[in-house]
Amino acid sequence: MYSNRLLSGLPVPITASPTALPLAECPVRAGFPSPAEDFGSERLDLSGILIEHPHATYLLRVAGPSMREYGIDDGDLIVVDRSITARHSHIVVATVDGEFTVKFLFSAGGMVRLKAGNPTYPDIVPKENQTLEIWGVVTSCIKRFAR
């Protein structure tokens, strides 16, 4: 049920059930390799890390490359919290004339603009008679590198 909704682009509510995964005690170096260390037995609950307001949090799958400079790529899952009040510099999910889009919110001096994170995509500046609603604030992006 949920996977079909994710593929269709509809928001999927997140359940609050814990998903605990093991956490290694040693950090993973992004520079030079370090000697292997023993793995710890601590477990982390991913939903506890990614979700602050379970009843107001949804998953959406991103379609398209318009946010790649913000680290959000085609096919990524974004975690969207509808209980957070959007402000300047948040990455938001908005509806523009009823269509979902994810963009950087520019809001200053009484001007609102949804900025793309890809120079080949134009910013969205609401026009007269155009409906723009900030649907929620993106709090996380989930990527898959290998399957």
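## Thr101 and Leu77 in a predicted model

Thr101 touches Val92, Val93, Ala94, Val96, Leu114 and Ile124, leaving aside residues up to four places away in sequence. These contacts, like everything that follows, are read from a predicted model. Thr101 itself lies in strand 7, which spans residues 99-108, and its side chain makes a polar contact with the side chain of Lys103 at 3.0 Å. Is Thr101 buried or exposed? Its relative accessible area is 16%, and because buried means under 20%, Thr101 counts as buried.

The setting for this residue is a protein with two helices and nine strands, which follow one another along the sequence in the pattern α-β-β-β-α-β-β-β-β-β-β. Of the 147 residues, 29% count as buried, and the accessible surface of the protein comes to about 9800 Å², with 56% of that area belonging to carbon and sulfur atoms. Among the contacts with a separation of 6 or more, residues 24 or more positions apart account for 56%.

A second residue to examine is Leu77, which is found in strand 5, residues 77-81. Leu77 is likewise assigned as buried, since its relative accessible area of 16% falls under the 20% limit. The strand around it is mostly covered, five of its five residues being buried. Leu77, Val79 and Asp81 point one way from strand 5, while Ile78 and Val80 point the other way, and all of these residues are buried.

Which strands pair with strand 5, and in what sense? Strand 4, residues 57-61, is joined to strand 5 by five bridges and runs antiparallel to it, and strand 9, residues 132-142, pairs with strand 5 in the antiparallel sense, also over five bridges. The table sets out these two pairings together with the bridge partner of Leu77 in each.

| Strand paired with strand 5 | Sense | Bridges | Partner of Leu77 |
|---|---|---|---|
| Strand 4 (residues 57-61) | antiparallel | five bridges | Arg61 |
| Strand 9 (residues 132-142) | antiparallel | five bridges | Ile142 |

Leu77 therefore takes part in both pairings, with Arg61 as its bridge partner on the strand 4 side and Ile142 as its bridge partner in strand 9, and it is buried under the 20% cut-off. A distance can be added to this description: the C-alpha atoms of Leu77 and Tyr58, which are 19 residues apart along the chain, are separated by 10.0 Å.

Note on methods
Residues numbered from 1 in each chain as written. Predicted model: local features only at pLDDT ≥ 70, side-chain atom pairs only at ≥ 80, totals over all residues. Heavy atoms only, no water. Helix = DSSP H or I, 4+ residues; strand = E, 2+ residues; numbered from the N terminus. Buried < 20%, exposed > 50% of the residue type's maximum accessible area, 1.4 Å probe, protein only. Contact = heavy atoms within 4.5 Å. Areas by Shrake-Rupley, 256 points an atom, 1.4 Å probe, with all protein chains shown as cover. Pairing = 2+ DSSP bridges. Polar contact = N/O pair within 3.5 Å; in protein donor to acceptor, adjacent residues only side chain to side chain.
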